[in-house]
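Colleague: Please take a close look at one part of this model, the salt bridges, and then set the other local features beside them. I would like one connected account.

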Amino acid sequence: MDEKRAVVALFGVAVAAVIAYVAYRFIAALTVAVFLYYSTRGFYKALTRLRLPKRIRAVTAISVIALPLILLISYTVVLLVTELQTFVNQSALIESTASNVSWLQGLEDPPELTPGGLYEAYQNGQFDTIIAFLSDNASFLTSAISGFFLNLLIVIIVTYYLLIDGSKIHAWLLRFDDDAIVREFLEDADAELEAVLFGNLLNVIAISIIAIASYLAYNAVVPAAVEVPYPALAGALTGIASLIPVVGMKIVYLPLAAATALPTVLGGGDISLLVYTAGFLVVALVVVDTIPDLVLRPFLSGEKTHVGLLMLAYILGPVVFGFYGLFFAPILLVLGLTFSDIALPRLLGAEPQEDGLPDEQTVLDEFRT
């Protein structure tokens, strides 16, 4: 009997090792899926009031997050193409670059960025060098593009099935419950993960709204020469940039300030207009960056997790793990703190505190006669 158990245990360890290896290879996609799960779960549960099937609710909840991102990315691409065409028409940068970069040769006279213009340029052979460059690097480009879409598919599938089958996973884990430790750990960790990860999403939304309102208000009172370009898009990107540790929103509003100042400086305009640019920096630093960070983050950082530890997780996570560490490190922090608070004292033989009161705090029953 012991030999059979040893064989079964060895097989289980082998299977677990393979699963762990596969999960490690796609840890970034799985981490993003967990973040999206906790970000959309509240809305998914709220849709039960409409008596919709759980599959439709899951698709709807994911779409609420995905659709705005797709629209934002599409809008950004359209603006970039438009601005690139304007820049190419007004600048001689392409001509000087093409003489030094082999695969840009032939584009000294760039075609119009329209279907007809691009097709005519293709017929004239202007894209031959670019096509040759892409052919030489086809394996790398194919690998990068296929990897991106593979990870995107994993994120969507895992998020979808976590929404509709999360309760089954919870029930399976409770089969290993011992003295209610597992149940208490799962419930506390689940609630804290939702508070922390959903707080990330709320923080992005709140800062985006504040940034858009601030940029629009700034444009309403300053001359046209120093207005912020595309304030709605810039505000949304500012909110998304708030997820980036240390640098954060500065990666957006500092280039915006430069964009408002460069036309005046390079075009020989009125230097006194730079006062408005300085005012924009003050508004962005105080109203968009500092005040929301001091006021909103403590309320959106979870119920039990220390704000300082969470800030360290946001800073150190991307340094250690890469970009996905922005979500993975807070998850590890919450799981570790919950384990040390719930399971570790039990495993070391400590008795659970009744009514959640500290040991030195007196209970009202002690005063009764």
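Modeller: A residue is called exposed when its relative accessible area is over 50%, buried when it is under 20%, and partly exposed in between. R51 has a relative accessible area of 80%, so it is exposed. The model is a predicted one, and the values below are computed from it.

Salt bridges come first. The structure holds 5 of them. In one, the side chains of D190 and R41 meet at 2.9 Å, N to O. D190 belongs to helix α8 and R41 to helix α2, so this pair ties together parts that are 149 residues apart in sequence. The two partners differ in cover: R41 is buried because its relative accessible area is 5%, whereas D190, at 25%, is partly exposed. The contact is also part of a network of salt bridges that links R41, D190 and E194.

Helix α8 holds a second case, local in sequence. The side chains of R183 and E187 form a salt bridge at 4.0 Å, N to O. R183 and E187 are 4 residues apart in helix α8, so about one helical turn separates them. Both ends are partly exposed: R183 has a relative accessibility of 38% and E187 one of 42%.

A further salt bridge joins the side chains of D289 and K250, with an N to O distance of 3.2 Å. This pair links distant parts of the chain, since D289 is in helix α11 (residues 274-299) and K250 in helix α10 (residues 250-266), 39 residues apart. Here the acid is the buried partner, because D289 has 10% relative accessibility. K250 has a relative accessible area of 32%, so it counts as partly exposed.

Next, the backbone. Most residues other than glycine have a negative phi. R51, the exposed residue named at the start, has a positive phi near 55°. R51 sits in the loop between α2 (27-46) and α3 (54-90). Y230 is likewise not a glycine and has a positive phi of about 50°. The loop that holds Y230 runs between α8 (181-221) and α9 (231-241). Y230 is partly exposed, because its relative accessibility is 33%.

Helix α7 (residues 138-173) departs from a straight line. Its 36 residues would span 52 Å in a straight helix at 1.5 Å a residue, but the end C-alpha atoms are only 45 Å apart. A kink of about 70° in α7 is centred on D165. D165 is also one of the buried residues of α7, a list that includes its neighbours I164 and G166 as well as I154, V155 and Y160.

Last is the nonpolar surface. L309, L312, I315, L316, V319, V320, F321, L332 and L337 make a nonpolar patch of about 770 Å². Two elements give two or more residues to this patch, α12 (307-321) and α13 (325-347). Helix α12 gives the most, with 7 residues. L337 lies in helix α13. Its relative accessibility is 31%, so L337 counts as partly exposed. Patch residues must have over 30% relative accessible area, and L337 at 31% meets that cut-off.

Notes: Residues numbered from 1 in each chain as written. Heavy atoms only, no water. Patch = residues over 30% accessible without salt bridge, like charges linked within 9 Å, V, L, I, M, F, W, Y side chains within 5 Å. Areas by Shrake-Rupley, 256 points an atom, 1.4 Å probe, with all protein chains shown as cover. Buried < 20%, exposed > 50% of the residue type's maximum accessible area, 1.4 Å probe, protein only. Expected span 1.5 Å × (residues − 1). Bend = angle between axes of the 7 residues up to and from the residue.
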